[in-house]
Amino acid sequence: MQLTTVFLALALLWPVAPPQILRGWHPPPGPYAAGHRGVDLAAPPGTPVLAPAAGTVTFAGEVGGRGVVTLTLTGTGTPPLRTTFSPVTPLITAGTRVAPGTPIAEAAPDAHCASPCLHWGLLRGETYLDPLLLAPRPRSRLLPVAG
């Protein structure tokens, strides 16, 4: 299944509203090199974090002292897409199936960003992808050409 087809089949939502991107995705040149393996969205502590698509929570807990939630997305091929959120306070437990828009966590305070943020990641297997591929896009409109 092509990645583009998968994204078109998902009911996509932003994990926080209103979305404001503080830092974009910058893939590393190698698996252990420096990079930014996700995007940072403005999110003061307590901001609800919503499931961007239907899936199953496969992790909800701490990693390195930071709260993390991992959501494995339904119907996204093999291996399935996984989206991650940190720093958060999980609101649900691993094994919970969720619909798009379900609150899965709350943004938590952390020093990851200069201002409060939510780090949003996306993986297929061990390969990091740009989570903005999951972001809803406005409909394109054709404008008349002045003659």
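**One salt bridge and its strands**

Good morning, everyone; I will start with a count, which is that this structure holds 1 salt bridge (a side-chain nitrogen of Lys or Arg within 4 Å of a carboxyl oxygen of Asp or Glu). Please keep in mind that this is a predicted model, in which local features need pLDDT of at least 70 and side-chain atom pairs count only at pLDDT 80 or more, while totals for chains, interfaces and linings use all residues. Residues are numbered from 1 along each chain as its sequence is written, and side-chain values use heavy atoms, with hydrogens and water left out.

Which two side chains meet in the salt bridge? They are those of Arg66 and Asp110, and the distance from N to O is 3.0 Å. In general, side chains of opposite charge can pair when their charged atoms come close. If you look for the two partners in the model, you will find Arg66 in strand β5 and Asp110 in the loop between β9 and β10, so that the pair links distant parts of the chain, 44 residues apart. A strand here is a DSSP run of E with at least two residues, numbered from the N terminus.

Are these two residues buried, exposed or partly exposed? Arg66 has a relative accessibility of 30% and therefore counts as partly exposed (buried means under 20% relative accessible area, exposed over 50%, and partly exposed in between, with a 1.4 Å probe and protein chains only). Asp110, at 34% relative accessibility, also counts as partly exposed. The strand that carries Arg66 is mostly covered, however, since 7 of the 8 residues of β5 are buried.

Let us stay with β5 and ask what runs beside this strand. β4 is joined to β5 by 8 bridges, and the two run antiparallel; strands pair if DSSP finds at least two bridges between them. As one example from this pairing, Val57 is placed opposite Leu71 in β5. The hairpin that β4 and β5 make has 2 residues between the strands, and in this hairpin you can find Gly64, whose phi is positive and near 60 degrees. β5 also pairs with β6, again in the antiparallel sense, over 4 bridges, and here Val69 stands opposite Phe85 in β6.

Now I turn to another part of the model, where 3 strands form an open sheet with antiparallel pairing. In what order do the strands of this sheet lie? The order is β3-β9-β7. β3, residues 48-50, and β7, residues 88-90, stand at the edges and have a single partner strand each, which means that one side of each is left without a neighbour in the sheet.

Looking at one of these pairings in detail, we see that β7 and β9, the latter covering residues 103-107, are connected in the antiparallel sense over 3 bridges. Within this pairing, Val88 has Ala107 in β9 as its bridge partner.

Finally, I would like you to find Pro103, whose place is in strand β9. With a relative accessible area of 42%, Pro103 is partly exposed. How far is the C-alpha atom of Pro103 from that of Leu50? The separation is 4.4 Å, although Pro103 and Leu50 are 53 residues apart along the chain.

To close, please return in the model to the side chains of Arg66 and Asp110, which meet in the salt bridge, and then to the open sheet with its strands in the order β3-β9-β7.
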